[in-house]
Amino acid sequence: MSEKVAVKSKAPNSDVARSDKNAPELTREHRTLRLSPRTDVIEKKDAFLLTLHMPSVKPNDVRVNFEEGVITISGSATRPDVGDRSPVHRGHHAKEYYRSFQLSDGIDFAKIEAAVSSGVLTIT
């Protein structure tokens with residue numbers, strides 16, 4: 001079952017960074033992995049279909065923004081809590097996903113829909 005994700009639009013000429021090179025950098029002290037999600041972009045006759053793989057990201061932790069023809073997708077997954085145990089090895093880290101795309105002119109923001117199911121974000 002998929003859960004809907006809110007798609008937000010920003011006012012023109014805002015100061016938000018709109019390219020992958022402006023994404024925050026990985027910091028070792030927080031042990032957060034900075035990732036670009038695996039993505040498929042399919043162009044249909046009257047729509048685009050974007051599928052982004054963002055394992056461990058919950059629907060409430062996904063952000064989709066559309067501004068001046070650029071769609072920006074980001075999300076975060078926290079490191080699993082081990083409680084009072086002392087792990088010998090930690091293979092899971094907190095993750096930050098970030099990706100943006102320049103879309104062609106004529107995209108109708110009101111028709112953009114996004115949903116998450118089993119760690120896969122689908123945007124149409």
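**Exercise 1. The largest pocket**

Determine how much space lies in the largest pocket, and which residues are the closest to its centre.

*Solution.* Step 1. In this predicted model, the largest pocket holds about 300 Å³ of space. Step 2. The lining consists of 14 residues, and those closest to the centre are D46, A47, F48, I107 and T124. Step 3. Sorted by class, the lining has eight nonpolar, two polar and four charged residues.

**Exercise 2. The content of the chain**

State how many helices and strands the chain has, and what pattern they follow along the sequence.

*Solution.* Step 1. The secondary structure comes to zero helices and ten strands. Step 2. Read along the sequence, the pattern is accordingly β-β-β-β-β-β-β-β-β-β. Step 3. The chain has 124 residues, of which buried residues make up 32%. Step 4. Among contacts with a separation of 6 or more, 66% are between residues 24 or more positions apart.

**Exercise 3. The open sheet**

Give the order of the five strands in the open sheet, and identify the edge strands.

*Solution.* Step 1. The order of the strands is 1-9-10-5-4, and the pairing is antiparallel. Step 2. Strand 1 (3–5) and strand 4 (38–43) are the edge strands, since each pairs on one side only. Step 3. From one strand to the next, the twist averages 20°. Step 4. In general, the strands of a sheet pair through backbone hydrogen bonds. Step 5. One pairing in this sheet joins strand 9 (residues 114–117) to strand 10 (residues 120–123) by four bridges, and these two strands run antiparallel. Step 6. A pair of bridge partners can be named here: A114 is matched with I123 in strand 10.

**Exercise 4. A residue of strand 5**

Decide whether T51 is buried or exposed, and list the residues that T51 touches.

*Solution.* Step 1. T51 is found in strand 5, which covers residues 48–53. Step 2. The relative accessible area of T51 is 16%. Step 3. A residue counts as buried under 20%, so T51 is buried. Step 4. Leaving aside residues up to four places away in sequence, T51 touches R38, T39, D40, V120, L121 and T122.

**Exercise 5. The surroundings of strand 7**

Explain why strand 7 is described as largely enclosed by the rest of the structure, and find which strands are joined to strand 7 by bridges.

*Solution.* Step 1. Strand 7 spans residues 70–77, and eight of its eight residues are buried, so the strand is largely enclosed by the rest of the structure. Step 2. Both faces are covered: one side carries the buried residues V70, T72, S74 and S76, and the other carries I71, I73, G75 and A77, which are also buried. Step 3. Strand 6 (residues 62–67) is joined to strand 7 by six bridges, and the two run antiparallel. Within this pairing, F66 has I71 as its bridge partner. Step 4. Strand 8 (residues 94–102) is joined to strand 7 by eight bridges, again in an antiparallel arrangement. Step 5. S74 serves as an example of a residue in strand 7. The relative accessible area of S74 is 13%, so S74 is buried. S74 stands opposite Y98 in strand 8. Not counting residues up to four places away in sequence, S74 touches M54, D61, V62, R63, Y97 and Y98.

**Exercise 6. Loops and turns**

For E68, S56 and P80, state in which loop each residue lies, and give the phi angle of E68 and of S56.

*Solution.* Step 1. E68 lies in the loop between strand 6 and strand 7. These two strands form a hairpin with two residues between them. Step 2. E68 has a positive phi of about 45°, although E68 is not a glycine. With 39% relative accessibility, E68 counts as partly exposed. Step 3. S56 lies in the loop between strand 5 and strand 6. S56, which is not a glycine either, has a positive phi of about 75°. Step 4. P80 belongs to the loop between strand 7 and strand 8. P80 has a relative accessible area of 43% and is therefore partly exposed. Step 5. P80 and H93 are 13 residues apart in sequence, while their C-alpha atoms are 7.8 Å apart in space.

Conventions
Residues are numbered from 1 along each chain as its sequence is written. This is a predicted model: local features need pLDDT of at least 70, side-chain atom pairs count only at pLDDT 80 or more; totals for chains, interfaces and linings use all residues. Side-chain values use heavy atoms; hydrogens and water are left out. Two strands pair if DSSP finds at least two bridges between them. Axes are lines fitted to C-alpha atoms, for helices over the stretch in contact, and angles run from 0 to 180 degrees between N-to-C directions. On a 1 Å grid over the protein atoms alone, a cavity is a set of points where a 1.4 Å probe fits but cannot get out, and a pocket is an open set with protein on both sides within 12 Å along at least five of seven lines; lining residues have an atom within 4 Å of a point. Grid points are joined across faces, edges and corners, and a volume is the space filled by probe spheres set on the points. Ala, Val, Leu, Ile, Met, Phe, Trp, Tyr, Cys and Pro count as nonpolar, Asp, Glu, Lys and Arg as charged, and the others, Gly among them, as polar. Buried means under 20% relative accessible area, exposed over 50%, partly exposed in between (1.4 Å probe, protein chains only). Contact means heavy atoms within 4.5 Å.
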